[in-house]
Structure formats: structure tokens, C-alpha cells
Amino acid sequence: MSSALQSYLLIVDHNKEEAGQIAGKVAQDVESKKTTLIDVVQSLGEYINDEDPLIRGNAVSYLTAVIKALSPKYLSRQQIQVLTAFLCDRIEDGGAVAGLDTLQKLDRFNKVLAEEVARAIFSHFQDLQSRSQSQRFQVYQLLNELMSNYRDALRAMGEESIVGVVDLMAGEKDPRNLMIVFSILKVVMVEWDISNHEELLFDSVYNYFPITFRPPPNDPYGITSQDLKDRLQDCISSTKYFAPHAIPALLEKLDSTSPNVKRDSLNTLEACVSTYDPDTVSRYSITIWDTLKFEILNVQEEFLGELSLKVLQLIAKRLSEGVTQVSQEIPLAQYLKPITKECNEQLREPQQKQAKPAQQILSSISSASALSFALIIQTVVAPLLTVYQEADGIAKQRALLETLAILFDSAIAIFGSWTSRDPVVALENPLLEFKDQFSDVFSQVLMGVAKEEVSFRVTALKGLLRLSTLRNFFQDNEIGLFVQYLNEILLKEESVGRDDLKKEAVAALAEISKYKPRLIMDITFPAFVATLPDSDEGADSSYMATLENLAEISIERDIFETLFRRLLNKFALLLHKEQPGSVEYPRAILATLLHVMSRRDMAQDPNLESYYEKVVVGLSRDVAAASLGKSKNRILNDASVLDILGRMCNLIVRAAPRNKQDEVAENVYTLFSAADGFVSVPFSDSVTEDQQRTMIISTYLLAGLPKDTTKLPYTAPNMAGLLRDLAQRSIAQNEPATHLACLRQLALLVNKFLSKDELPLASQLFESLLPTGLEAEKPTAQTIGTIFWLSKALILRLAPTTTHVLTSILSLLSSSDQAISTIAARGFSILLNNDEVLSAANGANIRLLSKQRVFTTFVPLISSRIREVNIVSGDPSSSAVQDHIKPAYLTALSGILSTISPSLVTPELPTLLPLLLQSLDLQTAESQSVRAATLDTLAVIIRDNGVGVIDECGHVQSLVTRLLNTSKINQSNGTNAGPAAVNGPRLRVGALTCLFLLAQPPTGNAPAIAKAGKLSPLLPVKSQVLRALKECLDDPRRDVRKAAVDARGAWFRGIDDAPDDDD
């Protein structure tokens, strides 16, 4: 046994794992009775009394390791008692605390032993703070375990344990230890009888207030300052016995000049109010008010005022607990008396600085509880109405109405709105006493004062809206009168200024529609619809405002149903007129319905089937009839009307059940009119322009169908014929709307409905459209457009031929025909641009990596082509490259970059930046859009990454020079050249925006260049920029002048000059 101990002592300091194995072996011998526990203890012999504390500690650690290795049930109660006594005597030696911790977890450990261990801790560790952090932590951990497992025993020790705990922990500063210390102390404060020791305990924790700890960088323990603050706050607020010490001390801390100290004091004060009983809170409530009112009325930091308001509100809530009757004798009323008195005094002059904080006080406290609200209303409203009647100016009256509106908000918070599901408050709303006065005052302001007093009337409108929202306050007829006021404002009054009153009126009707839809349907709808004309002769377009207002207030289900029915009836009447007037009016009616439908979840609408029959089926049939010349007018022959109607059909079809979607698929080209003589457009040679236009509706119907539909016509045995027909129609069609519909339909079929096995059909079609050689027929603009839409469909789904497609369309840019090259260059903006038909919402196959794939394939190709063009152009002996090819490449690049995320662009900037600079060099009027897109791309890159990324590429001077040239109204001759100027207003603003951003720190994660000791790379060009920007200050356009002022200011402030040399 002695040899095991010696082996343990030799290796324990440098190999704890092996030492543990030695102790484990001894424990096995003990359990197998090869040796006894007494032998183990006796073997400690001389080591346990050695003068060297390290040897003593290791010897005790040996015993502890053996005890730990024993099975939990092995030790008898007597053995545990003996070992506990032994370790308590040796508790100051290393390992003893760990041994006691092991013993106290055993089932046979008892309360008596727990007291013995606690006394040993209290008596032997009076100098605990002189020991290492880890040793102190072990002691606290042991005491914490005793608190958890044998709390009754420690509590029975009474004063001995209270004093012992406080003395043990006095002076602790390590945050890891304090987290346990505060937890132990809180248990004592809450569960012990501390009536004779409250000051001792309070001082033991308040000495740490306020916490100023800041964790070191990369702190492995993860203890934050807030963690310590929360634990300390829990202690201070743990018991009402601390109130005489805590509340005065915390209020005194509010005299501090440190906002953080004041914040911690208010947070702790809030915690105290939350946990102390109401009687204790009442005792100090007015003292707290007297201190906090200065923080609110003379606010220096906004957050301190907000925290103070929270404390005052919480006091009102606590004093309302258990009280059912309003009385001036209850503690809550006593608390509120000085508050309402102060607020009434401040609000006698509501335009003064301290009136606003007084409003905030009333708002906060009146919303605390129904009792608090009632007491405040009893003492505040009557004086406010008196001051209002005596007020001598509109500004003062408006401020008083704003105060009343704040109280109305509190009423809604307490008593709920019409849509609230909270139970009705038993207390009667005290505002009912003043209902008639409120109604008269607010209504008179809304409808009786001068129309120019917009802000005054808006205040009144908001007040009436709040009262209309307040549950069980106004009767329906009273809310109806308010609705009539709003109707009159919207329908009869002229616009004033920015139309703020009309905007608020629409918002108010929309709000009322949520809880009183019947009033809107009975009062507003008839009034609004009555103003809609039977037809539009073009002289008056006031119906637009009415339709917009109807759209805003018709989101709720019942109201939308009414809107849909009334407007669709109006639209049907127009279809039956021989002289319906301008097509603008019916288009606006459909646009109104579309706007509201797009904001609703149509799939959840119970009337979806009705909308399907009336719009998708009914109006599609009307479109087919109109295309055959069977309608009384040409409303449904107008492309813009068909476009909006198609979008409506699309929304309904997407939400429709599968059986209806299958029905749509079967009728996508016949428009439900096969029996009426209407012939499908595909594969028909003799169709009129009107019939061709029905493809707009067909395209939107097709977009709304699920991709796995099997009912599409002309798709068996495959789609080859349908795809060819659509491609030919796209090429032959000259009307823009019909041409776009055919292109979209072709792209939809290839991207969404064509199976993976059938993709070669699309590739064959693509190849057939490409020009095959010098002798090939010159492709038209429509042909090139068809090629690009077909490419878009394939690229977005990342078809296997994506790289080949990109290479093929890139070759169009080098065409010797300038028209082909230019049209193709513009087509690149189509490839990745968002489209509302070929979209994810319509179930299109849009792969997440499609943009990245295009970018990584396209950029190296186009940069090498431009480099080749530059080499050939610089060779005097060569004239092989036409002038139009380089601009075409740059235009294509611009089209791609405009759709790519900056995070993809930035890593390729060394390659791209020279190309972007060359884009800015383009001088033709046609290049304005390319240069504008280039400036937009540069602006995003600079904003996110700063000038550093430009400097790394070595192009700061080049970029700045080009931006300055572009910022001038006409860089060619400096004169005001009018609309034909090379640099249009958009370009000039874009260039100045880039110059402004260059001088700003980046918004992304990129490091700012201008750090201490490092000069900005913009410094060499600062003088040049400031001189050039002076010219821009005289630009005839105001937006350009403003951008120039911003840029010049940024360069003055953001670019520091080089420091002068001392020598």
C-alpha cells in the first residue's frame, strides 16, 4: 500500500491520468478486501504531517482519488463519518475539498455531516482570499453543493451560516467565483431568516455595485459584464428587507455623471419594484417619483428617460395588484397625486419643452392598469379640456389634442380594440364620461377648421380613429359618422400640400375595415362607387384616386368580395357599351382588382371558385369573342388590358385546386371557347392580329400551372412542334406585347415544362436559330430576341448545354453587321434579369447557382475577347476589327453585371475594373445606358469595399479621372449642349455618387484605409477632385448640384492631408 502511495506521489504532478489509475487499482483492492480503507488512511502516515504543504496536499489527494474510485454504495455510514471528520480536519490541504465534495454526494451522507463540513469551511477558510482562484472556486463549489443538497441543515445553523457565508466570500473579485458567490448569497437572502442581518447581507453584495468588469478578448469562460450585473441585481432585489438600504442607495447613484452607472441603477431599481411586495413599494413610491421625474423632465440621455418611465409604470402596476375598487384612499391614488399634479402643471403650456415628457409620463402610467388609467382620467382630462377651451392658438390646441390621443392609446392598451381577444375589463371605461365632449371637439376640428390647417385636422382624425378603434366606446352609428367624414375628405375636398390628410383618411378607413367591415360596405362603397363614371371620355381622371382608395381599404375578406363584385360589374357594363371611351378606365378597374388580389392569400379565399369562374373562364371567353370581332367595343383587344387581366388569371390559377388547373391546361389556347368558333393560335396560319394577341392571356394561364401538369395541348408525343411554332411566331410578330408573350411562353415551356430527357429538342431549336455562316440569312431583331429568351430558359435551369449556349450567343457580338452586334449586346441583360412570368413564384426552374455559373463562364471569355480587340486596334497594320465590336462587348458585360451580386463581382475586380473603365470611355449617345449601369456597379463595389479594393488594382487615378470627366455636363467641349449632351443627368449624378462613396469608409467588412499612420490612396488626387467639383456646383440640374455638394464635402472631411515634416 505504501508503494502505491509513493508511486502516486511521484507522478501526480505531471501525469494525473496514470495517478488516477493507481488510485483506482487501490480502490479495487479495497472493494475486493485485499486491503482495507483503514490501511489506506494509515499509509498516509508521515506524508500527512509533512511540513511541505504540497506533499500534504498530494497525500490527501491520494485518499480523495481512492474514495472517488470506490463504487457509490461501498462506504458505510460510519466510514463516511470517519472520512468526513478526517478531511474536515485536513480541509486546508489540497484534495480535501474535492474529497468532501465526493462524500456529500453519497446517499449515506446526512444533515449532521453537512453541518460539520460547513463549520469546517467557515472556520478554516477565513483567509480564503489569499488562496488561488481555483482553490477558492473549489470551496465555493462545495458550499454551493451543500446548499443544493442539504439546505435545511445549513438553514438550521441560522446566524452561524449567515455570518460564515458573508465572511467567507468577503473581498472576492474573480468573475468566475462571483457568479457562484452571488447565487449562494441569493439563496441565503431569500430562504434564511435575515431579520437581524439584512444590513450585513446587503452590504456584502452592494459593495460590488456598479459592476465595471470587462471580459478580456477571447475570454474562454464566456462570462460577460451583463451576467454579473444580472446576478448582482437578483441579490439586491431578492428581499423586501433590503428596501431601506437599496432604494435610497440606488436613487443616490442617479447623481452620478456616468450614464452607465445610472442605467444599472435604474435597471436594479426596476428589479426591486418587481420583487418587493406592494406595501414596501408603496412606502418608497413617492420618493422614487421625486427623483425620477428629473430624469424624465430634464432628459439628457433618451434611454435613461425610457428606463425611468418603465420604473414609474411598474410601480403603478404593483400598487394595482389585488385592488378592485377605485378610491382616493388606496396607495395607488396617493402615488399618482403628485404625478398628475406635475403633469397638469406642465400641460397648461403644452408647447413648452417639458410638456412632451409630461405626455410620456401620462402615457406610461395610464397604460399600467385599469385602476391607474381610471385615476389619471379622473384628474387629468377635465383640466385638459378646460385649457383647450381657453387656448388662444391652434398650435396650443393641437398639442392638447395630441395629449388626449395619447390617453386614448392607453385606453386601447387597457380595454382593447374591437378585434382584441382579451377578456373585457370589469372596470367601466372612465372616458365614457367625456364621450360627447371628445366627439364634438375632435369632429369640429376635423370638419370645421380651415382646410389649410392640415396638421391640426390630421391630429383630430387620428384621435377619432383611436376612439373608433377602442372597444365598446363608440356605437356603430357614431363610427359611421366618422366614416362619412372620411368619405367627404376623400371625395369632395381638394388636395392640399402633400395630401397628408387624404393619406391618413385612407389609412383610417383601412383600419376601420378590419373591425367594422359592414360600415365600409354600407357607407364608403356606395359613396365611392357612385363617383365612378360609366365611361371615360378622357376629360376627367379623378376616378383614379377613387380606385386607389378602394384598393387600399379592401384587403379584408368581406370588403374584397364587395369590391370584386362591384368593380367587375362596372367592367362588364363597359364591355357592353358601344362607345366606352378611353381604354384607360377599364384598365384601371382591372389594375385595382389586381393590386388587392396580389396582397391577399388567394389560396385561402373562400370565394376563389367564384373568382375562377368569373375571371379565368368568363373573361377569357370574352377575350376570345373580342378577338373574333363579336364584342361591342375593343376593350379586350387592347394589349395593356389583356396584360393586367392575364396577371389576375395567373394569381387565381396558381391558387386554384388541381382539378381546376387541369381544366385551365386543356383550355390554355382555346380560352374555354372551342365551341364558339375560336381557333387556337398555335399551328394556325390564318389568324388576325387580335387573335394573336390572345397569346398574352394564354401565357399567363400557362405560367400559373404546376410543372407536372399532363394536360397541355400539342405536347404529345413531344413538344418539338409547339416549340417551333412559338419560335416562328416570336420571329414573325412585330407587335411588342404579343411578341413578348410568345417569347415568354417559349421560355416557360423550355424551362418549366420540358422534361430533362426532352432538353435536346430545345438545343436543336437553339442551333437552328443561330446564323450558320457568311452566306446565312441575316437574323432580325426578333430572331435575336428569340435566341436570347431561349438561352435564358436553358441557362436558368442550368441545362447541360449552358456553356455552349453562352459561347454561341457571345459570338453574335463579333458580327461584322453592326445592327446584329448591337442588338445581341443589349440581349445579355435579358439572360439573368428577373421576369414576372418566368419566375420562382410561377414555379419556374431557377437554379441557385445559375448566376454564378454564367458569371464565371462569361467574364473570362469576354475579357479575353476585349483584350484581343485592344491588341488588334493598337496595331496600325491591322484594320480587321470594326469600331462597333468593342462597345458591343462592353454593353454585354454591363448587362450581365447589372444582374450579378456584388459578392461575386468583387473577387474578379482586378479583371473587371479595366473593362469597367473602358465602358466609361464610350462616347456615343447610345452608350448612356451602358455607362449608367457601369456606374451603378462601381457604386455598389465602392460602397461595400471602399477605395482600398480600387487601390489594390492600381486604378485609383484612372477611375477618378473618368468619374470627373463623366460628372461634367459635356466633357467634349464644356458647353451646355442640351439633351444631346454626352453626359446626361443620370450619368452625372452616378459619377458624383461614386466620387462621394470613394471618400467614405466602406459599409461592408472591408477595413477602412484611413487608419492612423496610413495615408489615403486618394490623397494624390484630392486637389484635382476638389477643383473639378467646383464646376459641377454650377450644373443646371438641382440633383446634380446636390450630389456635387455631397461629394465635395466628403472629400474635404474624409481625405486627410499629409502631415508636415518636422524637419
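This is a short conversation about two helices, an annotated repeat and one threonine in a predicted model.

Reader: What should I know about the model and the numbering?
Author: The model is predicted, with local features needing pLDDT of at least 70, side-chain atom pairs counting only at pLDDT 80 or more, and totals for chains, interfaces and linings using all residues. Residues are numbered from 1 along each chain as its sequence is written, and side-chain values use heavy atoms, with hydrogens and water left out.

Reader: At what angle do the axes of H5 and H6 cross?
Author: The axes of H5 (residues 77–89) and H6 (residues 96–104) cross at roughly 155° and come within 9 Å. Angles run from 0 to 180 degrees between N-to-C directions, on lines fitted to C-alpha atoms over the stretch in contact. The two helices are therefore roughly antiparallel, a term for angles over 145 degrees.

Reader: Which residues make the contact?
Author: Ile80, Leu83, Thr84, Leu87 and Cys88 of H5 meet Ala96, Gly99, Leu100 and Leu103 of H6, where contact means heavy atoms within 4.5 Å. Seven of these residues are nonpolar, two polar and none charged, with Gly counted as polar.

Reader: Changing topic, where does UniProt place the HEAT repeat?
Author: The unreviewed UniProt entry places that repeat at residues 40–78, and such annotations may be inferred rather than shown by experiment. The span is 72% helix and 0% strand, and its end C-alpha atoms lie 16 Å apart.

Reader: And threonine 934, buried or exposed?
Author: Threonine 934 counts as buried at 2% relative accessibility, the cut-off being under 20% relative accessible area with a 1.4 Å probe and protein chains only.

Reader: What does threonine 934 touch?
Author: Threonine 934, in helix H45 (residues 928–945), touches Ser894, Leu916, Ser919 and Leu920, leaving aside residues up to four places away in sequence.

Note on methods
Helices (H or I, at least four residues) and strands (E, at least two) are DSSP runs, numbered from the N terminus. Angles under 35 degrees count as roughly parallel, over 145 as roughly antiparallel, 65 to 115 as roughly perpendicular and the rest as oblique. Buried means under 20% relative accessible area, exposed over 50%, partly exposed in between (1.4 Å probe, protein chains only).
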